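Open the model in your viewer and keep the selection box within reach. Each stop below tells you what to select next and what you will find there.

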Amino acid sequence: MDFVPGGELSRRIRAGDVSAESELVRQFEPGLRVLLRRRTGGDVGLLQDLVQETLLIVIQRLRGAGIEDPRKLAAFAAQTARNLAIASLRKAARQKTDVDSDATERNA
């Protein structure tokens with residue numbers, strides 16, 4: 001398949017063209033995987049989740065308000081992926097619990 005410019009994909013998705021959504025996924029998924037691979041520390045499940053969430057956000061945005069400059073569709077997708085990765089790392093850090101061995105022994 002050929003490359004379809006972001007502006008055309010944006011226009012077609014806004015018009016309800018489901019095949020354009022599939023084309024967007026085909027074109028953007030490999031690059032998003034590369035971008036997110038480093039940021040997910042080898043966690044394949046997290047990588048897949050973030051790629052899918054990014055694509056979903058991009059498609060939802062294109063179905064609705066759109067993107068101000070459709071030529072910047074790739075940049076919007078990349079920044080969305082970065083933001084999701086950062087949020088995921090922050091969430092993981094908040095959920096991380098460390099055992100205080102001294103406190104555990106005192107309470108035993």
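Select R12 to begin: this residue is part of helix α1, residues 6–14. Helices here are DSSP runs of H or I with at least four residues, strands are runs of E with at least two, and both are numbered from the N terminus. R12 is buried, at a relative accessible area of 17%. Buried means under 20% relative accessible area, exposed means over 50%, and partly exposed lies in between, with a 1.4 Å probe and protein chains only. Now show what surrounds R12: leaving out residues up to four places away in sequence, R12 touches V4, D17, S19 and A20. A contact, here and below, means heavy atoms within 4.5 Å.

A word on the model before you move on: it is predicted, so local features need pLDDT of at least 70 and side-chain atom pairs count only at pLDDT 80 or more, while totals for chains, interfaces and linings use all residues. Residues are numbered from 1 along each chain as its sequence is written, and side-chain values use heavy atoms, with hydrogens and water left out.

Next, color the rest of α1 by burial. G6, L9, S10, R12 and I13 are the buried residues to highlight in this helix. Just after α1 comes G16, which has a positive phi, near 95°.

Zoom out for the whole chain. It holds 5 helices and 0 strands, and from the N terminus the order of elements reads α-α-α-α-α. Of its 108 residues, 34% are buried. Among contacts with a separation of 6 or more, 57% are between residues 24 or more positions apart. Switch on the surface and you are looking at about 7300 Å² of exposed area, 52% of it supplied by carbon and sulfur atoms; these areas come from the Shrake-Rupley method with a 1.4 Å probe, and for residues only the protein chains shown count as cover.

Now select α1 together with α2. How far apart are their axes, and at what angle do the two helices pack? The axes are 8 Å apart and the angle is about 145°. Axes are lines fitted to C-alpha atoms, for helices over the stretch in contact, and angles run from 0 to 180 degrees between N-to-C directions. The crossing of α1 and α2 is left-handed: the near helix is turned anticlockwise from the far one by less than a right angle, whereas clockwise would be right-handed. To see the contact, show L9, R12 and I13 from α1 with S19, A20, E21, E23, L24, Q27 and F28 from α2. By class, that contact has 5 nonpolar, 2 polar and 3 charged residues. Ala, Val, Leu, Ile, Met, Phe, Trp, Tyr, Cys and Pro count as nonpolar, Asp, Glu, Lys and Arg as charged, and the others, Gly among them, as polar.

Keep α2 on screen and add α3. Helix α2 covers residues 18–39 and helix α3 residues 44–63; their axes come within 9 Å and cross at roughly 135°. That makes α2 oblique to α3. Angles under 35 degrees count as roughly parallel, over 145 as roughly antiparallel, 65 to 115 as roughly perpendicular and the rest as oblique. The crossing of α2 and α3 is right-handed.

Two residues of α2 deserve a click. E21, in helix α2, is buried at a relative accessible area of 11%. Beyond residues up to four places away in sequence, E21 touches I13, I59 and R63. E29, also placed in α2, counts as partly exposed at 23% relative accessibility. With the same sequence neighbors set aside, E29 touches L24, Q48, V51 and L55.

Then pair α1 with α3. Their axes come within 8 Å and cross at roughly 70°, and the two helices are therefore roughly perpendicular to each other. On the α1 side, S10, I13 and R14 meet I59, L62 and R63 of α3.

For the last stop, select P70, in the loop between α3 and α4 (73–95). Is P70 buried or partly exposed? P70 is partly exposed, with a relative accessible area of 28%. Draw a distance from its C-alpha atom to that of G7: the two are 63 residues apart along the chain and separated by 4.6 Å. Apart from residues up to four places away in sequence, P70 touches G6, G7 and S10.
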